[in-house]
Amino acid sequence: MADIFDVIADGTRRDILRLLLDRSSAGERGTSVSHIVTELGASQPTVSKHLKVLRDAHLVSVREEGQHRYYSLSAAPLDEVDDWLVPFLDGDGGEAGDGVAVALPDSAAHAAEVVGRAAASAKHALENAFKRLPGR
């Protein structure tokens, strides 16, 4: 299996993961290849190539219905990335403040995670919208 960091290093694959996350959050049970192609403005062979890499890394699952394939996010492999990043975010990770790590109650930690993901999603959506503006 490929190193998870190599897999998510590619911008197109990150865009696919973000799209699948957004669609899953909206209650979709999978996203077709044609929808991914349309949303990303990439060719079908390019999207299929990236989906294969994501499948091999177990970051997506596929459900077949006749001739159609529907992809869904499988975020568990991203725990490795999360585990690697956490030490940089805790306590003495170079952030402003007194350098003391404070454990948040579970409810506060969950709320912080939700807000952080929403902010990252909004930033990503804005960046993509600006990329699609004429003259850019």
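A residue is called buried when its relative accessible area is under 20%, exposed when the value is over 50%, and partly exposed in between (1.4 Å probe, protein chains only). The structure on display is a predicted model, in which local features need pLDDT of at least 70 and side-chain atom pairs count only at pLDDT 80 or more, while totals for chains, interfaces and linings use all residues. Residues are numbered from 1 along each chain as its sequence is written, and side-chain values use heavy atoms, with hydrogens and water left out.

**Stop one: L20**

Select L20, which sits in helix α2 (residues 11-25); a helix here is a DSSP run of H or I with at least four residues, numbered from the N terminus. L20 counts as buried because its relative accessibility is 2%. Next, display T31, I36, V60, Y71, S72 and L73: leaving aside neighbours within four places in sequence, these are in contact with L20, contact meaning heavy atoms within 4.5 Å. I36 is 16 residues from L20 along the chain, and their C-alpha atoms are separated by 8.6 Å.

**Stop two: L85**

Move to L85 in helix α5. Is L85 buried or partly exposed? At 35% relative accessibility, L85 is partly exposed. Now add W84, F88 and L89, which together with L85 make a nonpolar surface patch of about 430 Å². Patch residues have over 30% relative accessible area and no salt bridge, and nonpolar side chains (Val, Leu, Ile, Met, Phe, Trp, Tyr) are joined within 5 Å. Accessible areas come from the Shrake-Rupley method with a 1.4 Å probe; for residues, only the protein chains shown count as cover. A salt bridge places a side-chain nitrogen of Lys or Arg within 4 Å of a carboxyl oxygen of Asp or Glu.

Conventions: Helices (H or I, at least four residues) and strands (E, at least two) are DSSP runs, numbered from the N terminus. Patches are made of residues with over 30% relative accessible area and no salt bridge: like charges are joined within 9 Å, nonpolar side chains (Val, Leu, Ile, Met, Phe, Trp, Tyr) within 5 Å.
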